[in-house]
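Got the viewer open? Let's walk through this one a selection at a time.

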Amino acid sequence: MSQTAIFFICAAAGICSGVIYDLLYVVRTFACGGAPSSVLSKIITVWCDLAYFIALAAIFLGCAYFLDFYELRAYMIVACALGAVLYIKSMHLTVAFLINKVYNGCRKIKKSKEKPKCRTKRKKE
């Protein structure tokens, strides 16, 4: 297999890892949503980041094993990273926008169903 084909396969593996990044982004957004500074949200963020890098490594090593890439070359890692960056800088922006719209809509519905804790009477003018 030529090095150009291997480069594009590794870039495609990086792009596939972007899909996994978006799935973990959804988990992180809905799990951490309102309290980004809590201990639980930090744990979830670290877990999601580790899961992403493990998935990226698994995709890369799976491609290398099944397509018989005999040696690990620097351009293979660069191609994988470029594919991931390409996805995150392009498609992830759209997904993040849509997820934030859905999340804000859910919060708005939740707030509208809650009763106010204290009611005050308005004075008539």
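Which residues are buried in H2? Bear in mind that this is a predicted model. Select Ser-41, Ile-44, Cys-48, Tyr-52, Ala-55, Leu-56, Phe-60 and Ala-64, and you have the buried residues of H2. Now bring up the neighbours: these buried residues pack against H1 and against helix H3, which covers 74–113.

Next, show H2 from end to end. The helix runs over residues 39–66, 28 residues in total. From its first C-alpha to its last it reaches 40 Å, close to the 40 Å expected at 1.5 Å a residue.

While you're on H2, click Ala-57, which also sits in this helix. Ala-57 counts as partly exposed because its relative accessibility is 37%, and a residue has to be under 20% to be called buried. Draw a distance from its C-alpha to that of Ala-13: you should get 9.6 Å, for two residues 44 apart along the chain.

Time for the charged pairs. Side chains of opposite charge can pair when their charged atoms come close. The structure holds two salt bridges.

Start with Asp-49 and Arg-28, whose side chains meet in a salt bridge at 3.4 Å, N to O. This pair links distant parts of the chain: Asp-49 belongs to helix H2 and Arg-28 to helix H1 (residues 3–32), with their positions 21 residues apart. Buried or exposed, where does Arg-28 fall? Arg-28 is buried, at a relative accessible area of 16%. Its partner Asp-49 is partly exposed, at 33% relative accessibility.

For the other bridge, select Glu-71 and Arg-73. Their closest N and O atoms are 2.6 Å apart. Glu-71 is partly exposed at 47% relative accessibility, and Arg-73 is partly exposed too, at 38%.

Now go to where H2 stops. Asp-68 follows the helix, and its phi is positive, near 55°.

Last stop: switch on the surface and select Met-1, Tyr-65, Phe-66 and Leu-67. Together these four form a nonpolar patch on the surface, with about 530 Å² of accessible area. Zoom in on Tyr-65, a member of the patch that lies in helix H2. Why does Tyr-65 count as exposed? Its relative accessible area is 61%, and exposed means over 50%, so Tyr-65 qualifies.

Methods. Residues numbered from 1 in each chain as written. Predicted model: local features only at pLDDT ≥ 70, side-chain atom pairs only at ≥ 80, totals over all residues. Heavy atoms only, no water. Patch = residues over 30% accessible without salt bridge, like charges linked within 9 Å, V, L, I, M, F, W, Y side chains within 5 Å. Areas by Shrake-Rupley, 256 points an atom, 1.4 Å probe, with all protein chains shown as cover. Helix = DSSP H or I, 4+ residues; strand = E, 2+ residues; numbered from the N terminus. Buried < 20%, exposed > 50% of the residue type's maximum accessible area, 1.4 Å probe, protein only. Expected span 1.5 Å × (residues − 1). Contact = heavy atoms within 4.5 Å.
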